Amino acid sequence: MRTNFLSVLPLLLVAFTFCACTPEEPKVLTVYYSHWGGTEILANMIHASVGGDMFVIEPVTPYPAEGTHAAVQKHVDEGFLPPLKKRWTT
C-alpha cells in the first residue's frame, strides 16, 4: 500500500526551530510534537543550544497508543485538525 507523505506527517517526530531574527533582537521558537517522547529529548537539546522560547503541540484528545496511524490517517482524510490544549501567544 502506497502512503502519502502528508498522511504520515503528524507521525513524524520532528522538532522545528523558527527564527524571526533581527540583528538587534533574535527571536527563536522551538515547536515540537512528541507522541512517544523521543522528539521531546531532541527539542530540549535544540532549545538548550539556541535558546529562545519553546512550545509543545498537545492535542486535547491524545492519539491512542495503539492504532495511531489509523487515527491520524482518518483525520488527514477528513481534513480534520485536532484542537490543541493551548495556543501559542507572543
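**Exercise 1. Classify the lining of the second largest pocket, then locate its centre.**

Solution. The lining splits into seven nonpolar, three polar and three charged residues. Here Ala, Val, Leu, Ile, Met, Phe, Trp, Tyr, Cys and Pro are nonpolar, Asp, Glu, Lys and Arg are charged, and the others, Gly among them, are polar. The pocket holds about 190 Å³ of space. Of its 13 lining residues, Tyr 33, Ser 34, Ile 57, Glu 58 and Pro 59 lie closest to the centre. A pocket is an open set of points on a 1 Å grid over the protein atoms alone, where a 1.4 Å probe fits, with protein on both sides within 12 Å along at least five of seven lines; lining residues have an atom within 4 Å of a point. Grid points join across faces, edges and corners, and the volume is the space filled by probe spheres set on them.

The model is predicted: local features need pLDDT of at least 70, side-chain atom pairs need pLDDT 80 or more, and totals for chains, interfaces and linings use all residues. Numbering starts from 1 along each chain, and side-chain values use heavy atoms, without hydrogens and water.

**Exercise 2. Assign the two sides of helix α3 (residues 68–78).**

Solution. Start with the buried residues (under 20% relative accessible area, 1.4 Å probe, protein chains only). These are Thr 68, Val 72 and His 75. They share one side of α3 because they cover an arc of only 60° around the axis. On the other side, Ala 70, Asp 77 and Glu 78 are exposed, that is, over 50%. Gly 79 follows α3, with a positive phi near 70°.

Notes
Helices (H or I, at least four residues) and strands (E, at least two) are DSSP runs, numbered from the N terminus. The arc is that of the directions from the helix axis to the C-beta atoms.
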